[in-house]
Every structure is written in structure tokens, then in C-alpha cells.
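Biologist: I have the coordinates open next to me and would like to go through them with you. Could we start from one residue and work outwards?

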Amino acid sequence: MNVDLVFKIAGLGILISVLHIILKQADKEEQAQMLTLAGVVVVLIMVVQLIGELYSMVRSVFHLF
Amino acid sequence: MEVLQVVGIGLVITVLAVLIRGQRPEFAVLLALGFGILVFLLILDKVGVVISVFRDLSRKAQIEDFYLTTLLKVLGIAYVAEFGAQICRDAGEGAIASKIELAGKVLIVLLALPILTGILEAVVRLLP
């Protein structure tokens, strides 16, 4: 049960939200939005790979072709 | 004992998700999705074992293999559709969740049609 991936997502989420607040304080609103966007994209890529693994597993177990 | 693992990690992830939901709600959804998939992968190993036992039983009872594979497909569709719908409902998207469930139901009915026609033919043959 590779739990580290889920905790990686959680860590990234916290990091991004903290950095977003810091950038907002330094009134660099655009960078903050870009950073959040980049964070969401990175995490989305990780989750989509996980979904791909899930689908191949379901397909093999349930013969859902 | 996997259940201890799953419950422990589930509670930790729930706290993290609530923490993140304050500032960045989209990460909370991704976190829930990640954990859901993880538990699903763990469960699928166990379901695979159960299914292999059912397959052996049905082979011994000379039940036609077609019915079991259809049953498995229906089970798979139900599992995945419920999983996706629940994640969408957690994220607050009730409309998307109901659409996913609708698609799942239609696909299951589609799969059940051959068996339905088979039963009806059997009933008609029984009638005098």
C-alpha cells in the first residue's frame, strides 16, 4: 500500500497554499495564481497516473474490456 | 490487518483534507481522490481472490461462463461508478455525480439485456 503518494499530495497542497499566502502578502497576485495553477497541474498528473493504474487493475479483475 | 492501516491513514488524510480545504479546496478533492484510489487498489486484490473462488465454484456446477462474466462486469461498473460519483459529490458537484450514476445504470441495464432475453425465452419454452 504505497501511502507516500497520498502524503506527497497533501504536502504539496499545504506548501502551495502557504506560498500562495506569502506571495499575496508581497502583493504579487499573478505569481500566486500561476503557482497555484502549477501546483494543481503537478498533483493532477500524479493523480491521473494513479487513476490509470486503478483502471488497468479494475480491467484485469472484472474483465471489463 | 489492513483495516487498521486503512482506518489510520484515512483519519490522517481526513484531517489534512480539512486543513487544505480552507485555503485551496481543489487540493482537498485531489487528496480524497488519491486516498480513494489507494484503498480501491488494496480492495481489488481481495476482490480478485473472491472472484477466483466464485469462478471455480461455477465451473464445478457447470454454470455457463457467460453469466459469471456478465455478473463481474456489472459489479465492476457499479464499483467504479459509485466511486466516481461519491468523489464528485464530496467536491460539491452533485449534478456531475448524478450524471455518472445515470451512465452507470444505463450500462448495467445494457449488460443485463442478454440474460433477460434468455430468461424470457426459457419461460416461454416452459409454457404449454
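Modeller: Gladly, and please keep in mind throughout that this is a predicted model. A convenient place to begin is Met57(A), which touches Leu41(B), Leu44(B) and Asp45(B) once residues up to four places away in sequence are set aside.

Biologist: Where does Met57(A) sit? And is it buried, partly exposed or exposed?

Modeller: Met57(A) belongs to helix H2 of chain A, and because its relative accessibility is 23%, it counts as partly exposed.

Biologist: What does Leu44(B) touch, leaving aside its neighbours in sequence?

Modeller: Leaving out neighbours within four places in sequence, Leu44(B) is in contact with Leu54(A), Met57(A), Val58(A), Val61(A) and Phe62(A). Leu44(B) is also one of the residues that touch the most other members of the largest nonpolar core, a group that includes Leu54(A) and Phe62(A) as well.

Biologist: How many residues are in that largest nonpolar core, and which others touch the most members?

Modeller: The core has 38 residues, and the rest of that well-connected group is Leu31(B), Phe35(B), Ile37(B) and Phe83(B). At least two core residues come from each of helix H1 (4-25) and helix H2 (29-62) of chain A, and likewise from each of helix H1 (2-23), helix H2 (25-60) and helix H3 (65-90) of chain B.

Biologist: Which helix gives the most to it?

Modeller: That is H2(B), with 14 residues. As general background, nonpolar side chains in soluble globular proteins tend to be buried together.

Biologist: On to the interface, then. How many residues are in contact, and what area is buried?

Modeller: On the chain B side 36 residues are in contact with 30 residues of chain A. The area buried between the two chains is about 2,900 Å², and carbon and sulfur atoms give 88% of that area. Of the area that chain B buries against chain A, Phe27(B), Leu30(B) and Leu38(B) supply 21%, which is more than any other three residues.

Biologist: How many salt bridges are found across that interface?

Modeller: Zero are found across the interface of chain B and chain A, although the count over all chains comes to four.

Biologist: Which residue pairs with Glu26(B)?

Modeller: Glu26(B) forms a salt bridge with Arg24(B), their closest N and O atoms being 3.1 Å apart. Glu26(B) counts as partly exposed, because its relative accessibility is 28%, whereas Arg24(B) at 14% counts as buried.

Biologist: And what about Asp65(B)?

Modeller: The side chain of Asp65(B) meets that of Arg55(B) in a salt bridge, with 3.6 Å from N to O. Asp65(B) lies in helix H3 of chain B and Arg55(B) in helix H2 of chain B, so this pair ties together parts that are 10 residues apart in sequence. Here too the accessibilities can be given for both partners: Asp65(B) is partly exposed at 37%, and Arg55(B) is buried at 16%.

Biologist: Which residue does Glu101(B) bridge to, and which helices are tied together?

Modeller: Glu101(B) forms a salt bridge with Arg89(B), where the closest N and O atoms are 3.1 Å apart. Since Glu101(B) is in helix H4 (residues 94-126) of chain B and Arg89(B) is in helix H3 of chain B, the pair ties together parts that are 12 residues apart in sequence. Glu101(B) is partly exposed at 27% relative accessibility, and Arg89(B) is partly exposed with a relative accessible area of 35%.

Biologist: Changing topic, is His20(A) buried or exposed, and what does it touch?

Modeller: His20(A), which is in helix H1 of chain A, is buried, with a relative accessible area of 3%. Not counting residues up to four places away in sequence, His20(A) touches Glu29(A), Ala32(A), Gln33(A), Leu35(A), Thr36(A) and Arg24(B). That last residue, Arg24(B), is the salt-bridge partner of Glu26(B).

Biologist: What about the outside: which residues make a nonpolar surface patch?

Modeller: Met1(B), Val3(B), Leu4(B), Val7(B) and Leu11(B) make a nonpolar surface patch of about 560 Å². Met1(B) is in the segment before H1 of chain B, and at 73% relative accessibility it counts as exposed, because the cut-off for exposed is over 50%.

Biologist: And Leu37(A), is that buried or exposed?

Modeller: Leu37(A), in helix H2 of chain A, is exposed, with a relative accessible area of 51%.

Definitions and conventions. Residues are numbered from 1 along each chain as its sequence is written. Chains are lettered from A and ligands numbered from 1 in the order in which they are written. This is a predicted model: local features need pLDDT of at least 70, side-chain atom pairs count only at pLDDT 80 or more; totals for chains, interfaces and linings use all residues. Side-chain values use heavy atoms; hydrogens and water are left out. A nonpolar core is a set of buried Ala, Val, Leu, Ile, Met, Phe, Trp, Tyr and Cys residues joined through side-chain atoms within 4.5 Å. Buried means under 20% relative accessible area, exposed over 50%, partly exposed in between (1.4 Å probe, protein chains only). Helices (H or I, at least four residues) and strands (E, at least two) are DSSP runs, numbered from the N terminus. Contact means heavy atoms within 4.5 Å. Patches are made of residues with over 30% relative accessible area and no salt bridge: like charges are joined within 9 Å, nonpolar side chains (Val, Leu, Ile, Met, Phe, Trp, Tyr) within 5 Å. Accessible areas come from the Shrake-Rupley method with a 1.4 Å probe; for residues, only the protein chains shown count as cover. Buried area is the accessible area (1.4 Å probe) that two parts lose on being put together, summed over both.
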